[in-house]
Amino acid sequence: MKSDTNILPFDCGNTDLNGFLFDDAKNYANQLLATTFIIQSENETVAYFNYLNDKISHTEIGNRDTFLNRISSLLPQGKDGYTSYPAVKIGRLAVSERFKGNGYGREIINFTKALFVDNNRTGCKFITVDAYRESLDFYMKNGFKYLSSRDKKSDTRLMYYNLEVLS
């Protein structure tokens, strides 16, 4: 049996993301709010991510007409009466400082895309994320787009990925 003293602490370089893993992930799971997955090496946590249910709604963009103009090409014909569409949110995604740059984040995104296209049990059309400023380029490189310009000056930006492009 291995001693816990050989396990290295997780540190992704972001206090909020570190804190969620240590302080909140278990409570979110117990309250059925989000499910967290951990990628573990022999002696340390490499990365973690979690999912929760979400939706893309006209309220994120500002008004219903702008919402329909922006994403109408992504919606089924004749379904413009809806004011929201189902999504899965990547609530948190963090890679340990020691493993950054090795493709773990990209693999998590690709896994998520495949999971909800090949094995979609909930009927979600989009993946959403509230991306930290320092992660915007990462999500853009992985096909995500900004949902609105209303959050341009915020610490996080709401981004989405349309899963239909994969099906």
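How much space lies in the largest pocket? In this predicted model, the largest pocket holds about 640 Å³ of space. It makes a good starting point for a tour of the structure. Of the 33 residues that line this largest pocket, Leu17, Leu93, Ala94, Ser135 and Tyr139 are the closest to its centre. Two or more lining residues come from each of the elements α1 (15–30), β2 (45–57), β3 (84–95), α4 (104–118), β4 and α5 (136–141). The most generous contributor is β3, which gives 7 residues to the lining of the largest pocket. Sorted by class, that lining consists of 16 nonpolar, 10 polar and 7 charged residues.

A second pocket can be described in the same way. The second largest pocket holds about 240 Å³ of space, and 15 residues line it. Those nearest its centre are Tyr51, Asn53, Val88, Phe116 and Thr122. Here the elements that provide two or more lining residues are β2, β3 and α4. For the second largest pocket, β2 gives the most, with 3 residues. By class, its lining has 10 nonpolar, 4 polar and 1 charged residues.

With the pockets in view, the overall fold can be laid out. The protein has 5 helices and 6 strands. Read from the N terminus on, its elements follow the pattern α-β-β-α-α-β-α-β-α-β-β. Of the 167 residues in the protein, 39% are buried.

The strands come together in an open sheet of 6 strands, with mixed pairing and the order β1-β2-β3-β4-β6-β5. At its edges are β1 (35–40) and β5 (145–146), each of which pairs on one side only. Within the sheet, β4 (residues 126–132) and β6 (residues 156–162) pair in the antiparallel sense, over 7 bridges. One position helps to locate this pairing by eye: Ile127 stands opposite Tyr161 in β6.

Tyr161 also appears among the contacts between charges and rings. The charged end of Lys113 sits over the ring of Tyr161, at 4.1 Å from the ring centre. Another such contact involves Lys125, whose charged end sits over the ring of Phe126, 5.8 Å from its centre.

Rings also meet other rings. A pair of aromatic rings is described by the distance of the centres and the angle of the planes. The structure holds 13 aromatic pairs. In one of them, Tyr51 and Phe116 have ring centres 5.4 Å apart and planes at 90°, so the pair is edge-to-face. This pair links distant parts of the chain, since Tyr51 lies in strand β2 and Phe116 in helix α4, 65 residues apart. Tyr51 and Phe116 are both buried. They are also the two aromatic residues named above beside the centre of the second largest pocket. Ring pairs join Tyr51 and Phe116 with Phe37, Phe49 and Phe111 into a cluster.

Phe99 and Tyr104 form another edge-to-face pair, 5.9 Å from centre to centre and with 90° between the planes. Are these two partners buried or partly exposed? Phe99 has 16% relative accessibility and therefore counts as buried, while Tyr104, at 29% relative accessibility, counts as partly exposed.

Finally, two residues in and just after the first helix deserve a look. Tyr28 lies in helix α1 and is partly exposed, with a relative accessible area of 32%. Between Tyr28 and Leu52 there are 9.6 Å in space, C-alpha to C-alpha, although the two are 24 residues apart in sequence. Leu32 is found in the loop between α1 and β1. This residue has a positive phi of about 60°, although it is not a glycine. At 78% relative accessibility, Leu32 counts as exposed.

Definitions and conventions. Residues are numbered from 1 along each chain as its sequence is written. This is a predicted model: local features need pLDDT of at least 70, side-chain atom pairs count only at pLDDT 80 or more; totals for chains, interfaces and linings use all residues. Side-chain values use heavy atoms; hydrogens and water are left out. Two strands pair if DSSP finds at least two bridges between them. Helices (H or I, at least four residues) and strands (E, at least two) are DSSP runs, numbered from the N terminus. On a 1 Å grid over the protein atoms alone, a cavity is a set of points where a 1.4 Å probe fits but cannot get out, and a pocket is an open set with protein on both sides within 12 Å along at least five of seven lines; lining residues have an atom within 4 Å of a point. Grid points are joined across faces, edges and corners, and a volume is the space filled by probe spheres set on the points. Ala, Val, Leu, Ile, Met, Phe, Trp, Tyr, Cys and Pro count as nonpolar, Asp, Glu, Lys and Arg as charged, and the others, Gly among them, as polar. Rings of Phe, Tyr and Trp (its six-membered ring) pair if their centres lie within 6.5 Å; planes under 30 degrees apart count as stacked, over 60 as edge-to-face and the rest as tilted. Buried means under 20% relative accessible area, exposed over 50%, partly exposed in between (1.4 Å probe, protein chains only). A charge sits over a ring if NZ of Lys or CZ of Arg is within 6 Å of the ring centre and within 35 degrees of the ring normal.
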